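Visitor: I would like to learn how to read the contacts in a model like this one. Where should we begin?

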Amino acid sequence: MNEKVKSGSRNVAIVGPYLSGKTTLLESLLFVTGAISRKGTVKDGNTVGDSANESRDRHMSVEVSAASTEYSDTRFTFIDCPGSVEFAQETYNALMGVDAAIVVCEPIRDRVLTLAPLFKFLDDWEIPHIVFVNKMDRANINVLDTLHALKAVSSRPLVAHQYPILQGEELIGFIDLVSEQAYQYHAGAPADPIPFPENLKAEEHIARAEMLEALANFDDHLLEELLEDIEPPQEEILKDLKLELGADLVVPVFFGAAELDYGVRPLLEALLREAPEPESTAERRLSKVGNTPLAQVLKTYYTPQGGKLSLVRVWQGKLTDGIVLNGIRIGGIYRLMGQQQQYINEAGAGEIVALSRLEGVKTGDTVAIDSQQAIALPKAENLEPVYALAITPEKRNDEVKLSSAITKLLEEDPSLAWEQHGDTHEVILWGQGEIHLQVALDRLRRKYNLPMSTHLPQVPYKETIRKPVAAIHGRYKHQSGGHGQFGDVFLDIQPLPRGTGFNFSEKIVGGVVPRQYIPGVEMGVREFLTHGPLGFPVVDVAVTLTNGSYHSVDSSEQAFKQAARLAMQTGIPQAQPTLLEPILRVLVTTPSEFTSKVLQLLSGRRGQILGYEGRDDWQGWDNVSAFLPQAEMQNFIVELRSLTLGVGSFHWEQDHLQEVPEKLAERILTNGSNGGNGNGK
Ligand SMILES: Nc1nc2c(ncn2[C@@H]2O[C@H](COP(=O)(O)OP(=O)(O)OP(=O)(O)O)[C@@H](O)[C@H]2O)c(=O)[nH]1
Ligand SMILES: [Mg+2]
């Protein structure tokens, strides 16, 4: 279908903390601009933003969804992002392709504080953003407190663009601080201009002066006017707002109530007037903007029908149906309205559209006609997995299907990971938290017909010995039919320092064990060590073959292997076997006000604090480094988040093995339990 060419376009992500009203705001934006004739609600599960089954089921967004609409001859493509930290990867990937973001937050101090990681991401990438303080219809709103809290978490200066008018506790309108025109809200209709409320004169004056001062910090001409008490022309203020927002130098703030469509039109007006055009975003992102088609994947969907859709931002050139990108002919170009797709035959630079059947292309990838020539666009870093579940298909012969289905899940969501554990043989699904993994499991069940059962992953314990034992005898003698089996060895077994692994040597003199049988001895020892007397792989031991005997007819490599196993079976239990647990080195990032709680959390989980310090790159945040037993990691992220308003996070890596304290080892060995707090303590 050929569409009327729009005079301009804007791509805007709607981001912000969990449940702040982003999906409701998208619904309102679509309604106000006429893209939908009836508003759905999150509660009823009929919004455009939460149209995926997994979102609808949970009354929360669990993936980004895009919707395009038109306002004042301009095409707006909005990307509604999930707010939960467990789905932050979705948000970060989408933000890489927009011209601006609306940060939706609630007028509650604690909720505002949770914006810190998002603001950091926006400022690190210099993504222009405005704040929409939503739910202003609720009781007990304190505008100044909210602004204060916002200022504390934003590294860029905030400029209030509006001053809300409250009647008692009810929001009834706003004053636009640029024009100083007051407006009264009407549910379902545009706000009406009203006479300036004289009682707000003083407060409005302060707010406006603050806004102008913030803008003047980046504009000497405006600064001069302010110093000389000259009223700056409105065009100058608007020009500054546009320039400074576009360069992510200031963050304009708006107020409203998405549920009532309050403040939604002024927001659209501001986006129209002040948000950067796609061309200027491209100029900022690419070193040189050309004409050959170049796009970046912001999100990958496998639709319920099984088709692949890649949501892309076209950075330069024009995409036409049937174009070959990265060597793959695309199946079609679509504009999205949540789950609905509208076919279009081309998409120009600056648009966000979905391309079908870009097989092999992942979220974040850059696609171009000549992919060798194209310079890959920067992509958001993949979040490290912090939460794991072991999974098993409910139906036995589904194991084969599992790996291809998980590969698709990972293409959709790079913050998932999986592994087949070498020691425990479990298939482990890694992600960002419980809900994140549940959503992945829902998708396996629903889209791929792969119902899975889950359990807590086993801790990959190991064992070692504490005491050396010498001259341990192992003799294997077996008569079966005509030809017998004979092997006979003496082994010395010694503990090695932690982390050394395994060492085999021999001190055979006079050929008492012929050369050709010695590899059999080593094999027998190694086989035994895969499963020690406590039930785990044995590490950090040295085994020396010191003596033995053989039979000229009956001996074989196989028989010596058996003899070595027997010697190990006798020897290791005498050498004080002991349990080792994996210890992780963790780096926890938290707002400084929660650092002492984090230290307690780590100590309470047998962590060993190595130190903590303020982060150079993030004011008001600390890094705590510690050793943490892996057995204590299962629910660590859950507790960390609950102590830190949801914003604490951690990085981890395997560090070393360490002896399990005796009492705990006893418990683990008798109960077969993990011994960690993660085991549903
Ligand atoms: N009182 C009031 N409630 C609102 C308003 N906007 C949204 N809500 C309610 O806030 C809740 C969360 O709304 P959503 O739109 O799902 O929030 P969200 O930010 O999209 O949530 P996630 O995507 O899951 O992070 C719902 O119960 C909405 O009805 C508003 O303006 N006023
Ligand atoms: Mg939502």
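Guide: Begin with the term polar contact: a pair of N or O atoms within 3.5 Å. This is a predicted model. Here, a polar side-chain atom of Asn134 lies 3.2 Å from a nitrogen atom of ligand 1. A polar side-chain atom of Lys22 is 2.6 Å from an oxygen atom of ligand 1, and a polar backbone atom of Ser20 is 3.1 Å from an oxygen atom of the ligand. Taken alone, ligand 1 exposes 640 Å², and the protein buries 85% of that.

Visitor: What classes of residue make up the shell around ligand 1?

Guide: The shell has 6 nonpolar, 7 polar and 5 charged residues. Of these 18 residues, Lys22, Thr23, Thr24, Ser61 and Glu259 come nearest.

Visitor: Which protein donors does the magnesium ion have?

Guide: Donors are N, O and S atoms within 2.8 Å of the metal. For the magnesium ion (ligand 2), the protein donors are Thr23 (OG1) and Ser61 (OG), lying 2.0 Å from it. Thr23 lies in helix H1 and Ser61 in the loop between helix H2 and strand E2, so the pair ties together parts that are 38 residues apart in sequence. Both Thr23 and Ser61 are buried.

Visitor: How many salt bridges are there in the whole structure?

Guide: A salt bridge is a side-chain nitrogen of Lys or Arg within 4 Å of a carboxyl oxygen of Asp or Glu. A search of the whole structure finds 45. One of them joins Glu54 and Arg446, with the closest N and O atoms 3.3 Å apart. Glu54 is in helix H2 and Arg446 in helix H13, so this pair ties together parts that are 392 residues apart in sequence.

Technical notes: Residues numbered from 1 in each chain as written. Chains lettered and ligands numbered in written order. Predicted model: local features only at pLDDT ≥ 70, side-chain atom pairs only at ≥ 80, totals over all residues. Heavy atoms only, no water. Near = heavy atom within 4 Å. Polar contact = N/O pair within 3.5 Å; in protein donor to acceptor, adjacent residues only side chain to side chain. Areas by Shrake-Rupley, 256 points an atom, 1.4 Å probe, with all protein chains shown as cover. Nonpolar A, V, L, I, M, F, W, Y, C, P; charged D, E, K, R; others polar. Donors = N, O, S within 2.8 Å, 3.2 Å for Na, K, Ca; no water. Helix = DSSP H or I, 4+ residues; strand = E, 2+ residues; numbered from the N terminus. Buried < 20%, exposed > 50% of the residue type's maximum accessible area, 1.4 Å probe, protein only.
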